[in-house]
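Please find below my notes on this model, set out as numbered points. They go through accessibility, charged side chains, one helix and one strand in turn.

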Amino acid sequence: MARIDDHPNIHYVTAFTVLAQIQLSKGINPIAKAKAVDGQRRPAVLIRSSPWKAGTDETPWHDVFDLDNGRVSYFGDHRVEHAVPVGTTQGNAVLLEVLREHQATTPEERALAAPLLLFAAVSRNGTPKGYVEFCGVAVVEGAEQVEQEAKGRFFPNYRYDLSVMDLTAEGDRVDWTWIEDRGRPRLSAAETLQRAPRSWRQWVEQGHAVLPELRRRPARAGNGSGRGSQGDDQGPMALFPVPRRPNDSAPTLRAPTGAPENLTVDMLMQKLRNLKVHQRNGRQSRHKPLALLWGISRVAAGKPPLAPWRQFRDEVGGLLAEFGLPDSSVTPEYPFWHLRTSQLWDVHGVPPEQTHKVHAATFDRLNPEGGMVRQAERLLRDACVRSEAIAVLRETYLADIDQHTLMERLGLAGYERASGVVDFAEDHEREADPATRRTVASSRIVRDTALAAQVKKLHGDRCQVCGLQLPTRFGTYSEAAHIRGLGRPHNGPDELSNLLVLCPNHHVQFDTLAIYVDSTGIVRTTADGRFVDRLRRHPAHRLSAAHLRYHRALCGRDTTDQRVTLRDQEPSP
């Protein structure tokens, strides 16, 4: 039957000839791998989340489906009674395998990677079980080992951060033939992509750097129904439409609370730029910006967003003592409590009757928790959003501070430069002799020198900003600059689309975030947006729009309302 109780029947939709009947009996349901012509591949992994037992001893985790912002937090299947190491249960083992596939560095490897199909349990006609709602296709961005509690005991598990892909081009549907094709041994991985969603094909081609552009967004006016050009009479060809509006039947799977409803990246940046801060002798207080940077550093490190007051007091108090205004008091209780007015910060654990007279002594006694609200935290997990937020706070409130020292103190080293932190060294002292020496064991990023030589030759050693060809005694000189740096925290790829050819002056300015390339290909100064030049392009050198956007975010100059218009293609003459 195509429908049961007027609800689409998933087994009817997926009843083809290649794959066995799919199962959604567990939370994590992998389809068996197929031995294809270019290697083994799993057709898909089906993820099912149910709110009915969330938070119980049997199911202690709370999955969060923030579909409007294209993000899902999903917990693995390790339980308190499991004696095996975390990550070895069937579900966790499969998702960790998918994570490795999704972190692949080449399009050929990503084409083999299994897509995640997301489902949520819903109630129909008073029946809480047995019905599922299709929520989309997802990529695993990362995984974090977490500690959970059940039956009064703590146990480890994994939480997976998923990006839900935009299916607007497909009318918020997925052609099930794509999954069937992935199970056909005679088809190559490249051939199976023909029926894949456009966003999935683009991710395969360009990798994680392009995810911010491919992530599902709230419905625009005139497109709120979730219906596209394919219509509603798809029969067993396509999965039923992805919902575009909240569904009252599954309230615990929706966007988290605590921040303005549907917090967007634009709203986040606006709130960061417009903090209510005290003025002292004509200068803005640094208390709130430093506290927010500390909160962002916790997100970057994968720590829980909320932290106890005593930890905040010690760590943020130290930042205020070192980086606060010279004549300003060290009062961490002020930002801890009053940052709530930003709607980006929350405090838990202060009884209502004491909220009108909060003091450091009150916090010392109660030890409440404070930190970034959930919606802000989830947005800040995106590396591009996080980079822009850090840049906005630094530029708006902290521009006259030693940026390198500040970022190091916060555990955010690398955000002040496009190249990031590239060298790590561990010193091993040798026994002293007349000329003291030491052996240094160093781990360095290995750059593809042939790739750098190729791109410099392509441009004839001419700077793509100013056109300068610097003469030397025996030839010419230029420098290959990575747009998204290879060093941490940027972790960019060493590939042609991530390289610019620059003269030494513009290389330094690009690396120190003094200039950036806007979405139309104009090079501008970061300080005032002044026109510098138009970026010179070469038809054989395609630049990644996603990497250029990431660099703009580091400069605090990315805007989500001007979705990248500089395409990865040869420009018009």
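1. Burial is used here in a fixed sense: a residue is buried under 20% relative accessible area, exposed over 50%, and partly exposed in between (1.4 Å probe, protein chains only). This is a predicted model, in which local features need pLDDT of at least 70 and side-chain atom pairs count only at pLDDT 80 or more, while totals for chains, interfaces and linings use all residues. Residues are numbered from 1 along each chain as its sequence is written, and side-chain values use heavy atoms, with hydrogens and water left out.

2. A salt bridge is taken as a side-chain nitrogen of Lys or Arg within 4 Å of a carboxyl oxygen of Asp or Glu, and by this rule the count comes to 25 salt bridges. One of them links Arg524 to Asp518, with the closest N and O atoms 2.9 Å apart; Arg524 is partly exposed because its relative accessible area is 24%, whereas Asp518, at 9%, counts as buried.

3. Salt bridges with shared partners also join Glu144, Arg159, Asp161, Arg374, Glu377 and Arg381 into one network. Within it, Asp161 and Arg159 form a salt bridge at 3.7 Å between the closest N and O atoms, and both of these residues are buried.

4. Asp181 and Arg184 meet through their side chains in a salt bridge of 3.0 Å, N to O. Asp181 is buried, at a relative accessible area of 9%, while Arg184 is partly exposed, at 22%.

5. Arg386, in helix α14 (residues 383-397), deserves a careful look: this residue is buried yet has no salt bridge, and the nearest side chain of opposite charge (Lys and Arg count as positive, Asp and Glu as negative; His and the chain ends are not counted), that of Asp382, is 7.1 Å away. The side chain of Arg386 does reach the backbone oxygen of Arg381, at 3.1 Å.

6. Helix α10 (residues 309-323) has 15 residues and should span 21 Å, because the expected span is 1.5 Å times one less than the number of residues; its end C-alpha atoms are 20 Å apart, which agrees. Helices are DSSP runs of H or I with at least four residues, and strands are runs of E with at least two, numbered from the N terminus. The buried residues of α10 include Trp309, Phe312 and Phe323.

7. Val501, in strand β22 (residues 499-502), is buried, with a relative accessible area of 0%. The C-alpha atoms of Val501 and Ala480 are separated by 4.7 Å, although their positions lie 21 residues apart along the chain as a separation.

How values were computed. A polar contact is a pair of N or O atoms within 3.5 Å; within protein, one must be able to donate a hydrogen and the other to accept it, and residues adjacent in sequence count only if both atoms are side-chain atoms.
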